[in-house]
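Dear colleague,

I am passing on the structure below, together with some notes on what turned up when I went through it. Please read them with the model open beside you.

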Amino acid sequence: VSIFGAGVSVEGFSFAGAPVGLQQLQQVEMISRSSRLLNVRGNGHGRTRSSISDVVCMSSTIRRRGSATAYREPETGPVAQLKKFVTALWVLIRDIYGQFFVLFMDTFIQKPFLNILNKKRIDNHKRLTTLIGQRGRGVPLITVSNHCSSLDEPLLFSALIPWPILQWQLRYSLCNDNMFYVFGPIFAQFFFYAARGFPIWRTRNMDQPSFKEFCDKARYGGWCHIFPEGRIWQPWKLQKEKCLLGPLRPGVGKLIANCEEKSPVVLPFYHTGMHRVLPQFPNSKRQSMPPKTGNTIRIRVGEPIQVQDLLDKYAERRKQAREELGIKDGWSTTPVDEELYLELTQRVEAALVELGAQVDQDEEWQTHPAVLKK
């Protein structure tokens with residue numbers, strides 16, 4: 001195994017950099033075994049596999065040369081306290097602004113587009129709305145769904161969240177860094193962050209700080225939504241691959257596993273129609289602009305996914321693995337964690353596939369004429 005930053009190649013056995021000690025080799029071997037374990041396929045409807053950079057996830061045991069952990073003691077002192085105060089004040093100001101921003105966008109742009117220029121149909125809608133406002137204080141809510149277009153966020157949630165949208169009930173979401181910072185960091189603060197979005201770097205591992213911040217929102221009782229496929233999978237591509245989902249990534253398992261203190265509610269939904277609102281040209285990543293009208297968006301909300309049995313099953317082993325590897329932060333990924341992420345991801349996949357099987361593909365998966373060859 002050769003490890004260079006976030007990348008891994010299974011070609012021989014060497015490191016770039018300083019000589020490797022026996023302890024590091026043993027740690028790498030454990031990670032390698034977990035990597036092979038995670039590189040599997042699910043059922044014929046959708047496959048669960050992960051990229052090698054996600055699986056290895058740059059465990060804290062090999063981030064620093066000659067060090068068993070990358071754990072850092074929290075900063076103390078007046079300067080650190082001042083930084084915390086300024087950060088908290090800025091977040092408060094941004095959330096107040098975000099309430100007006102999101103309400104304006106939802107009222108005057110998103111809902112008219114959905115309800116006037118298009119149509120929507122939601123099955124078991126009350127199942128979600130009840131959890132948004134009445135699930136109990138401190139109970140994490142995690143929603144998972146398939147990903148069909150760049151407008152899944154925010155249009156789907158404009159349809160799902162009752163009006164008026166309240167900032168403290170709004171979901172947290174992820175956006176790839178290329179789109180998040182497309183107009184620079186200032187725009188990102190007042191657009192994506194204000195709407196409770198977090199950047200995610202696809203070239204980095206699951207232990208990246210922004211993903212931790214996102215996962216902690218669920219851990220402490222917030223609502224987080226994640227697209228486990230990690231990228232857009234429109235029906236033309238699913239039909240080509242003969243599946244109902246693209247490959248799921250283990251990040252969804254880490255999100256769920258991070259809520260070990262209080263059992264999370266994991267709610268799946270499967271949607272169709274967004275691929276016609278912003279259709280993708282077949283065999284291309286390019287999407288046809290502007291957004292299309294006259295379509296029906298169908299959302300099927302499923303039953304909550306049972307995950308507590310898996311969290312209980314792995315609790316003691318996860319604790320022992322952290323102690324053996326000298327990990328103190330509770331966030332860095334161990335090989336035992338990766339096994340748990342795999343099982344959680346497979347549960348999520350099974351639930352989404354079950355909802356996807358209800359789709360009338362002849363009616364709901366039709367490709368928009370705008371992207372068909374004439």
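Which residue stands opposite Ile299 in E9? Before the answer, please bear in mind that this is a predicted model. The residue that stands opposite Ile299 is His271, and the pairing behind this is that of strand E8, residues 265–272, with E9, which runs in the antiparallel sense over 4 bridges.

Strand E9, which spans residues 296–301, also pairs with another strand, for 5 bridges join E9 to strand E3, residues 119–123, and here the two run parallel. Within that pairing, Asp123 has Arg300 of E9 as its bridge partner. E9 thus takes part in an antiparallel pairing with E8 and in a parallel pairing with E3, and the strand is mostly covered, with 5 of its 6 residues buried.

On the surface, there is a nonpolar patch of about 1,200 Å², and its members are Leu82, Phe85, Val86, Leu89, Trp90, Leu92, Ile93, Ile96, Tyr97, Phe100, Ile186 and Phe190. Two helices, H3 (78–117) and H7 (185–193), each supply at least two residues of this patch, and the largest share, 10 residues, comes from H3. Phe190, one of the patch residues, lies in helix H7; its relative accessibility is 37%, and it therefore counts as partly exposed, since that class runs from 20% to 50%.

A contrasting case in terms of burial is Thr345, which lies in helix H13, residues 335–356. Thr345 has a relative accessible area of 1% and so is buried, the limit for that class being under 20%. A polar atom of the Thr345 side chain lies 2.6 Å from the backbone oxygen of Tyr341.

The last site that I would point out is Pro162, which is found in the loop between helix H5 (152–160) and strand E5 (173–176). With a relative accessible area of 42%, Pro162 is partly exposed. If one leaves aside residues up to four places away in sequence, Pro162 touches Thr129 and Ile132. Of these, Thr129 is 33 residues from Pro162 in sequence, while the C-alpha to C-alpha separation of the two in space is 7.3 Å.

With best wishes

Methods:
Residues numbered from 1 in each chain as written. Predicted model: local features only at pLDDT ≥ 70, side-chain atom pairs only at ≥ 80, totals over all residues. Heavy atoms only, no water. Patch = residues over 30% accessible without salt bridge, like charges linked within 9 Å, V, L, I, M, F, W, Y side chains within 5 Å. Areas by Shrake-Rupley, 256 points an atom, 1.4 Å probe, with all protein chains shown as cover. Salt bridge = Lys/Arg side-chain N within 4 Å of Asp/Glu carboxyl O. Buried < 20%, exposed > 50% of the residue type's maximum accessible area, 1.4 Å probe, protein only. Polar contact = N/O pair within 3.5 Å; in protein donor to acceptor, adjacent residues only side chain to side chain. Pairing = 2+ DSSP bridges. Contact = heavy atoms within 4.5 Å.
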